[in-house]
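Here is a short tour of one protein model. Keep the structure open while reading.

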Amino acid sequence: MKGRILLLLLIGLAIVAFFVFDLGSYLTLANLKARQSELEALVDAEPFAAAAAFYLLYDAVTALSLPGAAILTLAAGAIFGLWQGTLIASFASTVGASLAFLSSRYLLRDWVKARFGGRIVSIDRGIARDGAFYLLTLRLIPAFPFFLVNLAMGVTAMRLLTFALVSQAGMLLGTLVYVNAGTQLAAIESMSDIFSPALIGSFVLLGLFPLLAKALVGWWKRRLVYRGRRRPRRFDRNLIVIGAGAGGLVTALIGATVRAKVTLIEKGEIGGGERLTARAIVIAAGGEPAVPDIPGLAESGFLTSDTMWERLRGRERVPERIAIIGGGPIGTEMAQAFARLGSKVIQIERGPRLLPREDEDASALIEAVLREEGVEILTGHDAVRIEGKVLTVRSGERESAVPFDELIVAVGRKARLTGYGLEELGIETGRTVAVNEWLETRYPNIYAVGDVAGPYQFTHFAAHQAWFAAVNGLFGHLKRFRADYRVLPWVAFTDPEVAHVGHNQLSAKAAGIDHEVVRYDLSHLDRALAEGANRGFVKLLVAPGKDRLLGATIVAANAGELLPELVLAMKYGLGLGKLLGTIHAYPTLAEANKYAAGEWKKANKPERLLGWLERYHERRLG
């Protein structure tokens, strides 16, 4: 922090000195023309010293983003000639720009990350992919303020070497034009003599070349992908959707709504499989429960979230003893449900706590509720083998036996990646199908959504992706839309529910994001007290010194119904001040959100102003 303050102070003093001492008067066309002979004599007398001094001056002006770089470039041509002047100005401008870039990064990068959070992450991804193209475009257009480019690129994740090399190449042509003009200084009466409208227009067109090149490269890559594959003379459908889960149904519905010819294919009960062609295909094959490699598991007749309802349907009584492997949301929801139905439930989790993606206070509250309802919870235990109807678990060196009547495996889900031709097409897969920000696979007309695409496995997330896949698949030749995951809510449907959006303390700490925490306990909320549902809280993560919401966790009855107000606030940048100023009906659970905003207001009250007001009111008493 001290280093930043010192650097900022030095830069500020240098800029103030530049204007206070009117140093800009030396960097004018008139002054350059008046002193041209004097400067040429200095160069003749001390060529190396003069070149070094000029180089350092150019560095300083560009590094501090001071006006005058254009005049210095003219001066380079006037006093050093075309080739030596171009060499000096070109490298000096790149070094100066790089220093400005580094200063911006050092002074502003952390602040920008804290202020804009997920948006800067998205920008950084774009810079990593296309930053060199965009930087080159900007550098090729002299009309664009170069110092703004330096400062803006500094707060992104662009590598210094990339910035320097692209800047050197992009600024070279403009530098050459200015230096060449400087060699003819006597004929120049104003800066407009250097760049005519036609020349500026030519540079603008030249600046578009990197984008055109990028488009041509993309076109060529697409041609290579489809090489050897025959395009049908006429397509049967505009859109084919594989999989009738949440992502597939929404994709198909959107396509049908805009009057496209859509076919939905499902291998299960909905059914279908004739040979069809389509301009676009969306893979929405969904996921299935992940099954760990535990000796004896395959022979145990275990259940999953997909199979247990069919297996247990029609029974007069629930199983007496149920063992559940997994402490995530699905395992925890089932543990509580079966305990309330009368089963004796033992839940096994290899980690130190249930709901490991939530903050410790949230998971601790849910764990306490489950224990009170009779669930036996074994955290820090590994499932090691199954023999008959006995599961052996291990904690450290100690093994213990867990007898069961039914065993439920709930350790997560995995994407369905086989059975519909990905291998034959050479579409890249890992845990999921590899897609870009438009949800395209390596084939631009084949998209993937939901569990098969990731990175999240929620029904509402699949439906969200479905809109982008449907619109891009049908209208991508006109306009493509990048999928936006910046504000994603999710809910664990325990009782009380655990609802979450944005960052919690766990993820904010892992990402190195500065934050303040405010919390409102439901034990003070009238509606919660009246309904006997006063165990829980609303916890907000807020940008330091701001009212901008970084994330929220709600543990409450119907927490999922309370969350959308906070999701909306995050999505559209509504601060806690606006939330606090919004009237909420009394008595409702939704008042908890307003009161949490009130806790933020109390924690950030202006103490000095309140002290003045206290003295003011004291005087008013007479």
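Helix 17 (residues 459-475) lies across strand 1, strand 3 and strand 13. Its direction runs at about 170° to strand 13. This is a predicted model, and every value here is computed from it.

**The four-stranded sheet**

Strand 13 belongs to an open sheet of four strands. The order is 2-1-3-13, and the pairing is parallel. Strand 2 (262-265) and strand 13 (446-448) are the edge strands, each pairing on one side only. From one strand to the next, the twist averages 20°.

Helix 12 (residues 246-257) also packs on this sheet. Helix 12 touches strand 1, strand 2 and strand 3 (278-283). The direction of helix 12 makes about 165° with that of strand 2.

Look next at strand 1 (residues 237-242) and strand 2, which run parallel and are joined by four bridges. Within this pair, Val241 stands opposite Leu264 of strand 2.

**Strand 5 and its partners**

Is strand 5 (residues 321-325) mostly covered or mostly uncovered? Strand 5 is mostly covered, with four of its five residues buried. Strand 5 runs parallel to strand 6 (residues 344-349). Strand 5 also runs parallel to strand 11 (residues 406-409). The table sets out these pairings, along with that of strand 1.

| Strand pair | Bridges | Direction |
|---|---|---|
| Strand 5 and strand 6 | five | parallel |
| Strand 5 and strand 11 | four | parallel |
| Strand 1 and strand 2 | four | parallel |

Single residues show how the strands line up. Ile322 stands opposite Val345 in strand 6. Ala323 has Leu407 of strand 11 as its bridge partner.

What kind of unit do strand 5, helix 14 (residues 329-341) and strand 6 make? They form a β-α-β unit, and it is right-handed.

**A helix pair**

Two packed helices are described by the angle between their axes and the distance between the axes. Helix 5 (residues 69-80) and helix 6 (residues 82-116) pack at an angle of about 145°. Their axes are 7 Å apart. The crossing of helix 5 and helix 6 is right-handed.

Which residues make the contact? From helix 5 come Thr73, Ala76 and Phe80. Helix 6 supplies Leu82, Gln84, Gly85, Ile88 and Ala89. By class, the contact has five nonpolar residues, three polar ones and no charged ones.

Technical notes. Residues numbered from 1 in each chain as written. Predicted model: local features only at pLDDT ≥ 70, side-chain atom pairs only at ≥ 80, totals over all residues. Heavy atoms only, no water. Buried < 20%, exposed > 50% of the residue type's maximum accessible area, 1.4 Å probe, protein only. Helix = DSSP H or I, 4+ residues; strand = E, 2+ residues; numbered from the N terminus. Pairing = 2+ DSSP bridges. Right-handed = clockwise from strand over helix to strand, strands pointing away. Axes fitted to C-alpha atoms, helices over the stretch in contact; angles between N-to-C directions. Contact = heavy atoms within 4.5 Å. Left-handed = near helix turned anticlockwise from the far one by under 90°. Nonpolar A, V, L, I, M, F, W, Y, C, P; charged D, E, K, R; others polar.
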